[in-house]
Amino acid sequence: MSLRFLYNILINVAWFGLKVIALFNAKIKLFVQGRKRTFPLLEEKLNKGDKTIWMHVASLGEFEQGLPILERLRSKYPEHKLVLSFFSPSGYEVKKDTSAADVVVYLPMDSNAKVKRFLDLINPKLAIFVKYEVWPNYLYHLKKRNIPTILVSAIFSERQIYFKSFGGFMRKSLRKFDHYFVQDDKSKKLLESIGIKNSSIGGDTRLDRVSEILKRNNQLDFMDRFKNNQLCLVAGSTWPEDEKILINYINTATEKVKFVIAPHEIKSAHIDKIASALEKPAVRYSELGNQNLMEIDVLIVDTIGLLTKIYSYANVAYVGGGFATGLHNTMEPAVFGIPIIIGPQFGGFKEAEDLVNEGGIIPISSQDSFDNLMNDLLNKPISIKNIGAINANYINVNKGASELIMKYISKIL
C-alpha cells in the first residue's frame, strides 16, 4: 500500500470524523458547513473562460502576509480574477467579505475528488501558498496540470517533518513547488539540506503590509482628545494573563500616563471584568459619547478594527499573548517607531526574536519586571525614542519581499 493511498484514506476518515464532531462543536461546524458552499460559490462567481490566480492561506496571520501580494496582483493583472481560500474558520469568517479577492472560499479537504473538482472550477494560471501550507494532493495535481505553484513568506524549522528521517512522503510533496520565497537564511539552508535549491530569501511580506500603514491617515478624533499630548501606553490584543499585570500597574501608577487596553476578547462579560478591576477613571469606546476624555485615564476598546490606528498614538506598546496563548502582531506597533513590551513566550515568532535580540522589543516575565521597565521608560524619554527607532529601522531595512515575489510572477503571467 503506497503512502499516498494511505494518506487519501486518512483524509476521508478525518472528514467523516469532523462531520460528527461538528454536531457538538460550533467552530468545527463552521469548518464543515462552510465547505459545503465552496463549489456553489465558485460556480456562481467564475466563468469558464476566466483567467484566475489562486492564493491559499491558513488563517488571519497568513492572510496578512498574502495581502500585499494580492493588492499588487490586482493592480498589475486586473484582467485576472483572484480566488482566495482559507483553511480555518477564524480566518474565513472574518475575511469572507474582503475586497482583496473576487472569490473567497473555504479550501475543500485534500482528497483526490475534491481537489480535482476545485482545480477544474478555478483552473488557475498561478497558485500561491502562504507560509506553512503544504497539501499533498493539491500539490500533486497542480504539478500534474503544469500549473506554476509558489510558496511565499515560508519559514522552516528542523522540527518540521520534512527534515525528519520518517518525513519522506511530506518531503516529496514539498518538492512540488516551483519556487520558495523564504523569510531567512536558516530556512534556505534547511531546504538545501533536503536537495531543494530553487529558493530565494525574500523576508516576510507582512513588513510590506505594515510599512504601508504609515502612508494612510491614522488620525482618530477621540484619541486626540483622550491623549491630549500626554504619554500613552497602548496594550493591544491582550489576554487575562496580560491584563492582570496591566491593571495592577495602572491602579498603582503615580506617573501621569494615559492607558489604552484593547483586549483580544471583546465580549461584554470580559469587558465588564476589566472595567470593574480598574481603580482609575475609565471609559469604554462604545460609551464615549460626549465625555470629557481629558479626565479619563483608561480607554477600553471594546470593538475591532481600530487598534492599528490607535498604536500611532502610543509612546509605548504592549502586545498580548506572550504569557499563554501565542504572541500577537508586534509589527503593527513597531512600524510607528515605539518600544514594545511582550510576555516571555515569543519563541517561533521570527520578528519578535529578531527585535528582542536587537533591543526594540523587551520581554517581561512578572509584575515586578513590567513595573520596573515601565517606570524606567517613563523617566527616560530618550530611551523611548532610541528603542523605538530600532523597531522602525527593522521594518524599513527588511521590507521588499512583495516586490521580489512580483518580479518572479511577472515572468510567469
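A charge counts as sitting over a ring if NZ of Lys or CZ of Arg is within 6 Å of the ring centre and within 35 degrees of the ring normal. Keep that in mind for the first view; everything shown here comes from a predicted model.

**View 1. Two arginines meet two aromatic rings.** Arg35 lies over the face of Phe31, and its distance from the ring centre is 3.7 Å. Then there's Arg4: its charged end sits over the ring of Tyr140, 3.6 Å from the centre.

**View 2. Here's the stretch that UniProt lists as "transmembrane region", residues 6-26.** The label comes from an unreviewed entry. In the model, this span is 81% helix and 0% strand. From one end to the other, its C-alpha atoms lie 29 Å apart.

**View 3. This one frames residues 47-208, a domain in the UniProt record.** The unreviewed entry calls it "3-deoxy-D-manno-octulosonic-acid transferase N-terminal". Helix makes up 39% of the span and strand 21%, with the end C-alpha atoms 33 Å apart.

**View 4. Tyr162 and Phe163 make an edge-to-face pair.** Searching the whole structure turns up 20 aromatic pairs. In this one, the ring centres are 6.0 Å apart and the planes stand at 85°, so the pair is edge-to-face; planes over 60 degrees apart earn that name. Both Tyr162 and Phe163 are buried.

**View 5. Phe177 and Tyr180 pair up too, again edge-to-face.** Centre to centre they're 5.6 Å apart, with 65° between the planes. Are these two buried or exposed? Phe177 has a relative accessible area of 1%, so Phe177 is buried. Tyr180 counts as buried as well because its relative accessibility is 0%; the cut-off for buried is under 20%. Zoom out a bit and both belong to one aromatic cluster, together with Trp54, Phe118, Phe129 and Tyr138.

**View 6. Helix α17 covers residues 367-378 and has a buried side.** How far should its 12 residues span at 1.5 Å a residue? The expected value is 16 Å, and the end C-alpha atoms are indeed 16 Å apart, so the two agree. Phe370, Asp371, Leu373, Met374, Leu377 and Leu378 of α17 are buried. They cover an arc of only 165° around the axis, which means they sit on the same side of α17. The spacing makes sense: an α-helix has 3.6 residues a turn, so residues three or four places apart point the same way. On the face turned away from that buried side, look for Asp368 and Asn372, which are exposed.

How values were computed. Residues are numbered from 1 along each chain as its sequence is written. This is a predicted model: local features need pLDDT of at least 70, side-chain atom pairs count only at pLDDT 80 or more; totals for chains, interfaces and linings use all residues. Side-chain values use heavy atoms; hydrogens and water are left out. Helices (H or I, at least four residues) and strands (E, at least two) are DSSP runs, numbered from the N terminus. The expected span of a helix is 1.5 Å times one less than its number of residues. Buried means under 20% relative accessible area, exposed over 50%, partly exposed in between (1.4 Å probe, protein chains only). The arc is that of the directions from the helix axis to the C-beta atoms. UniProt positions are given in the numbering used here, feature names are shortened, and annotations may be inferred rather than shown by experiment. Rings of Phe, Tyr and Trp (its six-membered ring) pair if their centres lie within 6.5 Å; planes under 30 degrees apart count as stacked, over 60 as edge-to-face and the rest as tilted.
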